[in-house]
Amino acid sequence: MLIGITTKYGLQDSSFLIKKCVQYLRKKGVETELCPGACALVPSRKPSLDFSKRYDLLMVFGGDGTLLRTLQYVKHFETPIIPINMGRLG
């Protein structure tokens, strides 16, 4: 299984949640690819998220704007998306 993880640009206050998520998925043997923003929060990883690839699942950490931006990138795929609200409005 391949999961892509993308975050709100500049997200800092909930970085522990993203780190825990990546660690949990790794323990379960799930391959993850992260956007540059997520990699800033998980320093041992390099950005590898590629929206031209098909993912089994995308996890979006952010608010409505982050989710809408991600949907624009993957509109040609039928990829399930799990939005995790980290925004102010949501």
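In this predicted model, the side chain of Glu33 makes a polar contact with the side chain of Lys53 at 2.7 Å. The contact also counts as a salt bridge, with 2.7 Å from N to O, and a search through the whole structure turns up just 1 of these. In general terms, side chains of opposite charge can pair when their charged atoms come close. Here the pair ties together distant parts of the chain: Glu33 belongs to strand E2 (residues 31–34), while Lys53 sits in the loop between helix H2 (36–41) and strand E3 (57–62), 20 residues apart.

The two partners are not equally covered. Glu33 has a relative accessible area of 7%, and it counts as buried because that value falls under 20%. Lys53, at 31%, is partly exposed, since its value lies between the 20% and 50% cut-offs.

Glu33 has another polar partner as well: a contact of 2.5 Å joins its side chain to that of Tyr55. Leaving aside residues up to four places away in sequence, the list of residues that Glu33 touches runs to Leu2, Ile3, Gly4, Ile5, Arg45, Ser48, Leu49, Asp50, Lys53 and Tyr55. Leu2, one of these neighbours, is placed in strand E1 and is buried too, with a relative accessible area of 14%. With the same sequence neighbours left out, Leu2 touches Glu31, Glu33, Lys53, Arg54, Tyr55, Asp56 and Leu57. So both salt-bridge residues, Glu33 and Lys53, turn up among the contacts of Leu2. As for Arg54, its C-alpha atom is separated from that of Leu2 by 8.6 Å, although the two residues are 52 apart along the chain.

Stepping back to the sheet, there are 4 strands in an open arrangement, ordered E2-E1-E3-E4 and paired in parallel. E2, the strand that carries Glu33, stands at one edge and strand E4 (81–85) at the other; each has a single partner strand, so one side of each is left without a neighbour in the sheet. On average, neighbouring strands are turned by 20° against each other, ignoring direction. As a rule, strands of a sheet pair through backbone hydrogen bonds, either parallel or antiparallel. Strand E1 (residues 2–7) and E3 go for the parallel sense, over 5 bridges, and Thr6 has Val60 in E3 as its bridge partner. Helix H3 (residues 64–73) packs on this sheet, where it touches E1, E3 and E4, and its direction makes about 150° with that of E3.

Turning to the rings, the structure holds 1 aromatic pair. Phe51 and Tyr73 make it up, with 4.7 Å from centre to centre and 20° between the planes. The pair counts as stacked because its planes are under 30 degrees apart. Like the salt bridge, this pair links distant parts of the chain: Phe51 lies in the loop between H2 and E3, Tyr73 in helix H3, and 22 residues separate them. Tyr73 is partly exposed, at 42% relative accessibility. The loop between H2 and E3 therefore supplies a partner to each of these pairs, Lys53 to the salt bridge and Phe51 to the aromatic pair.

Key. Residues are numbered from 1 along each chain as its sequence is written. This is a predicted model: local features need pLDDT of at least 70, side-chain atom pairs count only at pLDDT 80 or more; totals for chains, interfaces and linings use all residues. Side-chain values use heavy atoms; hydrogens and water are left out. A salt bridge is a side-chain nitrogen of Lys or Arg within 4 Å of a carboxyl oxygen of Asp or Glu. Helices (H or I, at least four residues) and strands (E, at least two) are DSSP runs, numbered from the N terminus. Buried means under 20% relative accessible area, exposed over 50%, partly exposed in between (1.4 Å probe, protein chains only). Two strands pair if DSSP finds at least two bridges between them. Axes are lines fitted to C-alpha atoms, for helices over the stretch in contact, and angles run from 0 to 180 degrees between N-to-C directions. Contact means heavy atoms within 4.5 Å. Rings of Phe, Tyr and Trp (its six-membered ring) pair if their centres lie within 6.5 Å; planes under 30 degrees apart count as stacked, over 60 as edge-to-face and the rest as tilted. A polar contact is a pair of N or O atoms within 3.5 Å; within protein, one must be able to donate a hydrogen and the other to accept it, and residues adjacent in sequence count only if both atoms are side-chain atoms.
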